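Visitor: I would like to go through this structure term by term. Please state the rule behind each word before applying it.

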Amino acid sequence: MALMITDECINCDVCEPVCPNDAIYEGDDIYEINPDLCTECVGHFDEPQCVEICPIDCIPKDPNHVESEGDLMAKYKRITGN
């Protein structure tokens, strides 16, 4: 699954710089995650870096973008060219 940022986001800006796929961006009200770029850090790290660093725990899995580990790895390969 891709991840999503809930409206509990406080716009602290710690998640955006740690995303290896540049999937996180500043939205109109809160930071958002582009599901086409989010691999939950599969291929880069063992754990999603944004989830690890978020001080308020507002980055759950996005139920509207269900993906398997294999799907996430395929997306990682497509994005990075590896």
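Guide: Buried means under 20% relative accessible area, exposed means over 50%, and partly exposed lies in between, with a 1.4 Å probe and protein chains only. The model is a predicted one, in which local features need pLDDT of at least 70 and side-chain atom pairs count only at pLDDT 80 or more, while totals for chains, interfaces and linings use all residues. Residues are numbered from 1 along each chain as its sequence is written, and side-chain values use heavy atoms, with hydrogens and water left out.

Visitor: Why is Lys61 called partly exposed?

Guide: Lys61 has a relative accessible area of 47%. This value falls between the limits of 20% and 50%, and therefore the middle class applies.

Visitor: What makes the pairing of Lys61 and Glu40 a salt bridge?

Guide: A salt bridge requires a side-chain nitrogen of Lys or Arg within 4 Å of a carboxyl oxygen of Asp or Glu. For Lys61 and Glu40 the N to O distance is 2.8 Å, so the criterion is met. Lys61 lies in the loop between helix H1 (49-53) and helix H2 (69-80), and Glu40 in the loop between strand E2 (31-33) and H1, so the pair ties together parts that are 21 residues apart in sequence. Glu40 is buried, at 11% relative accessible area.

Visitor: How many salt bridges does the whole structure hold?

Guide: The search finds two. Lys75 and Glu67 also meet in one, at 2.9 Å from N to O. Lys75 counts as buried because its relative accessibility is 5%.

Visitor: How are the helices and strands identified, and in what order do they run?

Guide: They are DSSP runs numbered from the N terminus: helices are H or I runs of at least four residues, and strands are E runs of at least two. The chain has two helices and two strands, in the order β-β-α-α from the N terminus.

Visitor: How many disulfides are there, and how is that known?

Guide: A disulfide is a pair of cysteine sulfur atoms within 2.5 Å. By this rule the count is zero. For Cys50, the nearest cysteine sulfur is that of Cys41, 6.1 Å away. For Cys54, the closest cysteine sulfur is in Cys58 at 3.8 Å, which is too far for a bond. Both Cys50, at 6% relative accessibility, and Cys54, with a relative accessible area of 15%, are buried.

Visitor: What makes a group of residues a nonpolar core?

Guide: The members must be buried Ala, Val, Leu, Ile, Met, Phe, Trp, Tyr or Cys residues joined through side-chain atoms within 4.5 Å. The largest such core has 16 residues, of which Ile5, Cys15, Ile24, Ile33 and Ile59 touch the most other members. Not counting residues up to four places away in sequence, Cys15 touches Ile5, Ile24, Tyr31, Cys50, Ile53 and Ile59.

Visitor: Why is Thr6 called buried, and which residues does Thr6 contact?

Guide: Thr6 has 17% relative accessibility and therefore counts as buried. Contact means heavy atoms within 4.5 Å. Apart from neighbours within four places in sequence, Thr6 is in contact with Ile30, Cys58 and Pro60. Thr6 itself belongs to the segment before strand E1 (24-26).

Visitor: How does the radius of gyration of the chain agree with a compact globule?

Guide: The radius is taken over C-alpha atoms, and the globule rule is 2.2 Å times the number of residues to the power 0.38. With 82 residues, the rule gives a value near 12 Å; the chain has 12 Å, so the two agree.
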